[in-house]
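Before reading on, take a moment to look over the chain and its fold. The report below is written for someone meeting such a model for the first time.

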Amino acid sequence: MTPTLPQILWVVRHGQSAGNVARDAAEANGLHVIDIATRDIDLPLSALGRRQSQSLGHWFGSLPLQERPQVLLCSPYVRARETAQLLPESGGITQAVRLRMDERLREKEFGILDRLTHLGITRKNPELSEQRGHVGKFYFRPPGGESLCDVILRLRSLLEMTTREYAGQRVLVVAHQVTVNCMRYLIEQMDEATILDIDRLGDIPNCSVTSYRTVGDDDGNDQPRHVVDLVNFLAPLLAEGTPVKSEPDAPVAPSP
């Protein structure tokens, strides 16, 4: 039977970024505005974020050849691109992976609420805060920004492209917290209440992996589907100074 879905799909949140550090500091100090001088798009990984990315790269590199990524799709944001570059480099699998950036994987756009802490939103935009509480996070769209539904809409077309172009292959996606949750919403066929319950559990860990394997393509099932394999899995963090692989393993031949 010809495969109709990617064989394996990994969805990864980028490593810790300078923006994550600045946000945590602002929230801890009760500030209204996150101290970020650059565009959100341009924020790089922190030192810890690089270690997290290298550690996860080592984990991917430890997998059998036939289990490693063949295709890497990533958000164009700097922190995601840096993570996407470090993963195959650290695992020594650079020759096996085809990298493709896709703007549909970008972070949710926050519009007028960009760079504001939770306290800042309440104090500076009380009417919007009230509206968000009434409408709910799933449907609320801040001026100039996106709702979760808007993110889900662009990700629908990305998943359709992935199915069309990479059926039978092993695909690694590197994106952001909101995009990871919205990918889960689509793949696991959640409803509004389920995704909001997951959102309320707290932040997705940086460099965590949620993965899916396809069943049904080879067992006679007429409805191949993704089944959850890992949820927010974290690779063991390497000690500082651990060398990364310098010579890549033999490349994995693309699936027909």
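What follows describes a predicted model, beginning with its strands and moving on to single residues, cysteines and charged pairs.

**Strand 1 and its neighbours**

A good place to begin is strand 1, which covers residues 8-13 and in which six of the six residues are buried, so this strand is largely enclosed by the rest of the structure. The covering applies to both faces, since Ile8, Trp10 and Val12 are buried on one side, while Leu9, Val11 and Arg13 are buried on the other. Strand 1 pairs with strand 4 in the parallel sense, over six bridges, and in this pairing Arg13 stands opposite Ala175. Strand 1 is also joined to strand 5, residues 209-215, by five bridges, and here the two strands run antiparallel; within this second pairing, Leu9 stands opposite Tyr212.

**Two buried residues**

Ala175 belongs to strand 4, which spans residues 170-175. Is Ala175 buried or exposed? Its relative accessibility is 1%, and because buried means under 20%, Ala175 counts as buried. Leaving aside residues up to four places away in sequence, Ala175 touches Val12, Arg13, His14, Ser75 and Leu105. The C-alpha atoms of Ala175 and Arg81 are separated by 8.9 Å, although these two residues are 94 residues apart along the chain.

Asn125, by contrast, is found in a loop, the one between helix 4 (118-124) and helix 5 (126-135). Asn125 is buried as well, with a relative accessible area of 14%, and, with residues up to four places away in sequence again not counted, Asn125 touches Ile112, Leu113, Leu116 and Gly120.

**Cysteines without disulfides**

The structure holds zero disulfides. Cys74 is in no disulfide, and the nearest cysteine sulfur, which belongs to Cys207, is 13 Å away. Why does Cys182 form no bond with Cys149? The sulfur of Cys149 is the closest cysteine sulfur to that of Cys182, but at 8.5 Å it is too far for a bond, because a disulfide needs sulfur atoms within 2.5 Å. Cys74 is buried, with a relative accessible area of 1%, and Cys182, at 1% relative accessibility, also counts as buried.

**Charged pairs**

Side chains of opposite charge can pair when their charged atoms come close. In this model the count comes to 16 salt bridges, and the table lists some of them.

| Salt bridge | Closest N to O distance |
|---|---|
| Asp203 and Arg23 | 2.9 Å |
| Arg213 and Glu67 | 2.7 Å |
| Glu165 and Arg164 | 3.9 Å |

The side chains of Asp203 and Arg23 meet in a salt bridge. This pair links distant parts of the chain, 180 residues apart, with Asp203 in the loop between helix 8 (192-200) and strand 5, and Arg23 in helix 1 (residues 18-28). Asp203 is partly exposed at 45% relative accessibility, and Arg23 is partly exposed at 23%.

Another salt bridge brings together the side chains of Arg213 and Glu67. Arg213 lies in strand 5 and Glu67 in the loop between helix 2 (47-61) and strand 2 (71-74), so the pair ties together parts that are 146 residues apart in sequence. Both partners count as partly exposed, Arg213 at 32% relative accessibility and Glu67 at 21%.

Glu165 forms a salt bridge with Arg164; Glu165 is partly exposed, with a relative accessible area of 35%, whereas Arg164 is exposed at 60%. Finally, salt bridges that share partners join Arg106, Glu109, Glu146 and Arg154 into one network.

Definitions and conventions
Residues are numbered from 1 along each chain as its sequence is written. This is a predicted model: local features need pLDDT of at least 70, side-chain atom pairs count only at pLDDT 80 or more; totals for chains, interfaces and linings use all residues. Side-chain values use heavy atoms; hydrogens and water are left out. Helices (H or I, at least four residues) and strands (E, at least two) are DSSP runs, numbered from the N terminus. Buried means under 20% relative accessible area, exposed over 50%, partly exposed in between (1.4 Å probe, protein chains only). Contact means heavy atoms within 4.5 Å. Two strands pair if DSSP finds at least two bridges between them. A salt bridge is a side-chain nitrogen of Lys or Arg within 4 Å of a carboxyl oxygen of Asp or Glu.
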